[in-house]
Amino acid sequence: MRLQGQVAFVTGGSRGIGEAIVRRLASEGAFVYATYHRSTQQAQALQEELNREGYRVVFLSADVAQETDVERCFATIQKEAQRLDILVNNAGITADRLIARMTLEDWDRVLATNLRSAFLCIRAATRLMIPQRYGRIINIGSVVGIMGNAGQANYAASKAGLIGLTRAVAKELASRNILVNCVAPGYVETAMTAQLSEQQRKALQGAIPLGRVATPEEIAAVVAFLASPDASYITGQTIIADGGLSL
Ligand code: NAP
């Protein structure tokens, strides 16, 4: 119960890594606000399940690429909880295509969902975190933002952007006791990686020194660590959790 009494906001909490983060932060005692965009039924079912188990979890509908949606979420948190201790910028999408064929729409949609959303949420979160002189901001990046990946120029640029955003904001907010870090997973077993063929999966597993992809819970554990008192002297960092893929 390292997060007892704390309030968290997780974007894209309806499934995949975000769902595991919501479950983990709630199980450590946090009151969790989370967003969903299209997975309405999944989010409602998850909220009901966790509330039945006694956890305080509230799902809000939002397209986190849109300023008005983000502002609406933070107005709700401000009104209901009056504080925010942990922000996890997790919502993300891919729209893979080789660069010569990538449309401007593919580029803009991925950058808006993965990077602009983090800017909008961090800016809104600082209005609550600066006055309380406490905050933990955790951005979910990717090793693709460090290594690059053919067919993912938009995604790699968005995730590399998150690393720069993490460093800049960490410097800006350190004096207010707000720590800002990034988690860069390798491949994780979620809908995002479910499209891989059996052949692609085998090749990938061969390239990962640990010989397997991660579970969403393994990424959620890193997020919980960064949100916990144990991470009180870590800021501006990108923690790679990739089974050794990027070595
Ligand atoms: P996922 O299973 O596809 O889930 C994506 C989540 O983001 C969903 O909850 C989705 O909500 C939400 N989302 C998408 N667009 C949104 C929008 N415009 N506004 C609000 N929410 C939106 O993905 P995942 O694999 O869990 O990935 C989560 C994060 O980890 C992403 O940032 C991803 O880039 C990163 N990551 C994943 C992997 C991997 O191998 N899976 C590896 C490295 C990094 P709805 O379903 O409700 O629309």
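This report covers the ligand site and three loop residues of a predicted model.

**The ligand site**

The ligand occupies the largest pocket. A shell of 30 residues surrounds the ligand. The closest of these are Arg15, Ser39, Asn90, Tyr155 and Thr190.

Which helices each supply at least two residues of that shell? They are helix H1 (16-27), helix H6 (153-173) and helix H7 (191-194). H7 gives the most, with three residues.

Polar contacts to the ligand include the three in this table.

| Residue | Protein atom | Ligand atom | Distance |
|---|---|---|---|
| Gly12 | backbone N or O | oxygen | 3.2 Å |
| Ala62 | backbone N or O | nitrogen | 3.4 Å |
| Thr190 | polar side-chain atom | oxygen | 2.5 Å |

How much of the ligand does the protein bury? Taken alone, the ligand exposes 900 Å². The protein buries 96% of that area. Thr190 appears twice in this picture: it is one of the closest residues of the shell, and its side chain places a polar atom 2.5 Å from a ligand oxygen. Gly12 and Ala62 use backbone atoms instead, with Gly12 facing an oxygen of the ligand and Ala62 a nitrogen.

**Arg56**

Arg56 sits in the loop between helix H2 (40-52) and strand E3 (57-61). Is Arg56 buried or exposed? Its relative accessible area is 54%; the cut-off for exposed is over 50%, so Arg56 counts as exposed.

Arg56 still has contacts beyond its sequence neighbours. Leaving aside residues up to four places away in sequence, Arg56 touches Ala30, Phe31, Val32 and Asn51. Gln132 is 76 residues from Arg56 along the chain. The C-alpha atoms of Arg56 and Gln132 are 22 Å apart.

**Two residues with positive phi**

Most residues other than glycine have a negative phi. Two loop residues here have positive values.

Arg133 has a phi near 55°. Arg133 lies in the loop between helix H4 (104-132) and strand E5 (135-140). Its relative accessible area is 44%. Partly exposed runs between 20% and 50%, so Arg133 falls in that class.

Asn177 has a phi near 65°. Where is Asn177 found? Asn177 belongs to the loop between H6 and strand E6 (178-185). H6 is also one of the helices that supply at least two residues of the ligand shell. Asn177 has a relative accessibility of 39%, and therefore counts as partly exposed.

Definitions and conventions:
Residues numbered from 1 in each chain as written. Predicted model: local features only at pLDDT ≥ 70, side-chain atom pairs only at ≥ 80, totals over all residues. Heavy atoms only, no water. Helix = DSSP H or I, 4+ residues; strand = E, 2+ residues; numbered from the N terminus. Buried < 20%, exposed > 50% of the residue type's maximum accessible area, 1.4 Å probe, protein only. Contact = heavy atoms within 4.5 Å. Near = heavy atom within 4 Å. Polar contact = N/O pair within 3.5 Å; in protein donor to acceptor, adjacent residues only side chain to side chain. Areas by Shrake-Rupley, 256 points an atom, 1.4 Å probe, with all protein chains shown as cover. 1 Å grid on protein atoms, 1.4 Å probe; cavity = no way out; pocket = protein on both sides within 12 Å on 5 of 7 lines; lining within 4 Å. Sits in = over half its atoms within 2 Å of the grid points.
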